Amino acid sequence: YIWENDNINFTKKINTNQLTQLSIFVTSNGDIYTTSTNTPFTINRWLSNETNTSATIAYSDSDSCGIFIDINNTLYFSATDKHKVLSKSLSSSSNILTIVAGTGVAGNAPNMLNRAFGLFVDVNFDLYVADWGNNRVQLFRQGQQNAITVAGSGSLNQTITLNHPIHVVLDMDKYLFIVDQYNNRIVRSGPNGFRCIIGCTGSSGSALNELHMPTSMAFDSFGNIYVVDEGNHRIQKFLRLNNTLSKHVRILV
């Protein structure tokens, strides 16, 4: 479903003909990419002007719980149960996939992952991975197989403990936002390390300032944050502090 400009009713609906979509990415021109749990685990694309038909872009050997397309038109997706991240150029006709993170075996060494989930690739083509099973976020510099732990277990100067981080986003100021799923919160980096910004009550809940097993987040162009609050079956919109309206608003149920 697609909502535009805070409309109460959705403006578009896409029938995917698939049971479960695990993750979604929308490009600047409106093309939609999704990952499916249906064997053979396809990565699908709906063009912005052809939302009734899709094309299979790639195949995974596992559920893909993270997807991202960088500024160079390269597709990244996590093969979650295979503990790796793969990439493919969308500008090429080749179907060759490249392993850019992980070894395919679960582990906590710098070159390994344990159930890779959300992804983010910055303008320098550095890859951030929510290493769900290792309770950490890994940064793979472009072309490097060994990662730097930037948050959570094993990080240098650790300022926060994560419990199954599931999604990561880097904002325009290069602050890192983490959906800390089992802690029912969202944390962000800052000059003095990480701190909680949403869901900071210490427990799950359904109040407007609480989350229950969140799975992903995104920004709009105004800096507002949208959170998929899976345990509460809703999507939450949190407005920027300098906004004159309420700090948090439930927009979709």
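Two strands count as paired here if DSSP finds at least two bridges between them. With that in hand, we can walk through this predicted model, starting with one of its sheets.

Four strands in the order E9-E10-E11-E12 make up an open sheet, and their pairing is antiparallel. Its edges are held by strand E9 (116-121) and strand E12 (148-152), each of which pairs on one side only. If you ignore direction, neighbouring strands of this sheet are turned by 25° against each other on average. Inside the sheet, strand E10 (residues 127-131) and strand E11 (residues 136-140) run antiparallel and share five bridges. To find one of these contacts by eye, look for Leu127, whose bridge partner in E11 is Phe140.

Let us step back to the chain as a whole. Its secondary structure comes to 20 strands and zero helices. The radius of gyration is 18 Å, close to the 18 Å that the globule rule gives for 253 residues, so the chain is as compact as a globular protein of that length. Along the principal axes, the C-alpha trace spans about 50 × 45 × 30 Å. Of the 253 residues, 45% count as buried. And if you take the contacts between residues at least 6 apart in sequence, 33% of them join residues at least 24 apart.

A reminder is handy before we turn to another sheet: strands of a sheet pair through backbone hydrogen bonds, either parallel or antiparallel. This open sheet also has four strands, in the order E5-E6-E7-E8, and its pairing is antiparallel. Strand E5 (67-69) and E8 stand at the edges with a single partner strand each, so one side of each has no neighbour in the sheet. From one strand to the next, the twist averages 20°.

Strand E7 is a good place to linger in this sheet. Spanning residues 84-89, E7 is mostly covered, with five of its six residues buried. On one side, E7 pairs with strand E6 (residues 74-79) in the antiparallel sense over six bridges. Two residues to look for in that pairing are Tyr76, whose bridge partner in E7 is Ser87, and Ser78, whose bridge partner in E7 is Val85. E6 and E7 together form a hairpin with four residues between them, and in the turn His83 has a positive phi of about 60°. E7 also pairs with strand E8 (residues 98-102), again in the antiparallel sense, this time over four bridges. Val85 takes part here too, since its bridge partner in E8 is Ala101. Val85 therefore has bridge partners in both directions: Ser78 and Ala101.

Now for the side chains, beginning with the rings. The structure holds eight aromatic pairs. One of them joins Tyr1 and Trp3 in a tilted arrangement, 6.0 Å centre to centre with 40° between the planes. Trp3 also pairs with Phe10: their ring centres are 6.2 Å apart and their planes stand at 80°, and because an angle over 60 counts as edge-to-face, that is the name this pair gets. Through these ring pairs, Tyr1, Trp3 and Phe10 are linked into a cluster. How covered are its members? Tyr1 is exposed, with a relative accessible area of 60%. Trp3 counts as partly exposed at 34% relative accessibility, and Phe10 counts as partly exposed at 39%.

Close to this cluster in sequence comes Lys12, which lies in the segment before strand E1 (21-26). Lys12 has a relative accessibility of 36%, so it counts as partly exposed. Leaving aside residues up to four places away in sequence, Lys12 touches Tyr1, Ile2, Glu4 and Ser48. Tyr1 thus appears both in the ring cluster and among the contacts of Lys12. For a sense of distance across the model, the C-alpha atoms of Lys12 and Trp132 are separated by 33 Å, with their positions 120 residues apart along the chain.

Trp132 brings us to the last feature, charges placed over rings. Arg115 lies over the face of Trp132, at 5.3 Å from the ring centre. The charged end of Arg188, in turn, sits over the ring of Tyr175, 4.1 Å from its centre.

Conventions. Residues numbered from 1 in each chain as written. Predicted model: local features only at pLDDT ≥ 70, side-chain atom pairs only at ≥ 80, totals over all residues. Heavy atoms only, no water. Buried < 20%, exposed > 50% of the residue type's maximum accessible area, 1.4 Å probe, protein only. Contact = heavy atoms within 4.5 Å. Phe/Tyr/Trp six-rings, centres within 6.5 Å; stacked < 30°, edge-to-face > 60°. Lys NZ or Arg CZ within 6 Å of the ring centre and 35° of its normal. Axes fitted to C-alpha atoms, helices over the stretch in contact; angles between N-to-C directions. Rg over C-alpha atoms; globule rule 2.2 N^0.38 Å.
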